[in-house]
Amino acid sequence: MKEKKMKENTTLYSRLQKEHFLLAGPCVIESEKLVMQTAESIKQISEALQIPYIFKASFDKANRTSLSSFRGPGLEEGLRILERVKKAFSLPIVTDIHESYQAEPVAEVADILQIPAFLCRQTDLLVAAAHTGRIVNIKKAQFLDGKDMYYPAQKVEEAGNSQIMLTERGTLLGLGRLVVDMTQIVDMKALGYPVIIDATHATQRPGGGATSGGNPHFAPYIAKAAAAVGVDGFFFEVHPDPQNALSDGSNMVRLDTFAEMLQDLLGRRD
């Protein structure tokens, strides 16, 4: 099974090493209808701009600030919806895993297993993701230096999987503020893996209440700065109605403005 999945992902990983690519979608699966609508719209945008697109949404947000916050539909129902997206729109899928036991079932649907930033040093989680043979995207913790991402990546490599991507999502500056140091991207690229900028989570304002705040109007500027230092991929959380989103609404990009923003980022305006 591991060898089969690695073979399936070889073409995708090879392509992602050669050109800019996009990971985008709502923070969490709120409903099947919303997920399908968002995936279809972003696919049309990405095809028009000729950028490889991987659909992103979480089946469970296990790291919400409050116990009462919406987490998603859970593993079984979430994977059913993600599989429908994959088949309906012929899109690769990326989604988070938080527990080692989730790796194998998620790998049956997702092409890329994403390791959340807070969990990027969890050895068992990294090894379990590696053993699936799927691409592993490791998000850099808000407390780690870019050079130190060598160690999480090395755990995946030593577990037999070299299909690795690294994601920058900001560094905690004091309390409640993230900053993006572009030299971190340069340092991570030196490790030899594709590097992604998570432009929307980098605008978050962690803490300060039951949910995190954010400044999504900064996302295009963060993405442009990352492009200037050679980032490979762009990660955006996108939603048709962020103000009423059930998770991360304060830092998601509006779906109806996303095409124009991406055109500007890629320099592909008519």
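A residue is called buried under 20% relative accessible area, exposed over 50%, and partly exposed in between, with a 1.4 Å probe and protein chains only. The model is predicted, so local features need pLDDT of at least 70 and side-chain atom pairs count only at pLDDT 80 or more, while totals for chains, interfaces and linings use all residues. Residues are numbered from 1 along each chain as its sequence is written, and side-chain values use heavy atoms, with hydrogens and water left out.

**Exercise 1.** Find the aromatic pairs and classify them.

Solution. Rings of Phe, Tyr and Trp (its six-membered ring) pair if their centres lie within 6.5 Å; planes under 30 degrees apart are stacked, over 60 edge-to-face, the rest tilted. This rule gives two aromatic pairs. For Tyr 150 and Tyr 151, the centres are 5.1 Å apart and the planes at 85°, so the pair is edge-to-face. Tyr 150 is partly exposed at 38% relative accessible area, and Tyr 151 is exposed at 52%. For Phe 236 and Phe 258, the centres are 5.5 Å apart and the planes at 70°, so this pair is also edge-to-face. Phe 236 lies in strand β12 (residues 233–239) and Phe 258 in helix α9 (residues 255–266), so the pair links parts of the chain 22 residues apart; helices (H or I, at least four residues) and strands (E, at least two) are DSSP runs, numbered from the N terminus. Both Phe 236 and Phe 258 are buried.

**Exercise 2.** Place Leu 262 in the largest nonpolar core.

Solution. Such a core is a set of buried Ala, Val, Leu, Ile, Met, Phe, Trp, Tyr and Cys residues joined through side-chain atoms within 4.5 Å. The largest one has 80 residues, and those touching the most other members include Leu 262, Phe 236 and Phe 258. Leaving aside residues up to four places away in sequence, Leu 262 touches Leu 22, Ile 45, Leu 49 and Phe 236, where contact means heavy atoms within 4.5 Å.

**Exercise 3.** Describe the packing of helix α5 (residues 123–131).

Solution. Leu 125, Leu 126, Ala 128, Ala 129 and Ala 130 are its buried residues. They pack against α4 (103–107), β4 (112–115), β5 (135–139) and α6 (150–158). Just after α5, Gly 133 has a positive phi of about 85°.

**Exercise 4.** Why is Cys 27 not bonded to Cys 120?

Solution. A disulfide is a pair of cysteine sulfur atoms within 2.5 Å. The sulfur of Cys 27 has its closest cysteine sulfur in Cys 120, 18 Å away, which is too far for a bond. Cys 27 is buried at 1% relative accessible area, and Cys 120 is buried at 0%. The whole structure has zero disulfides.
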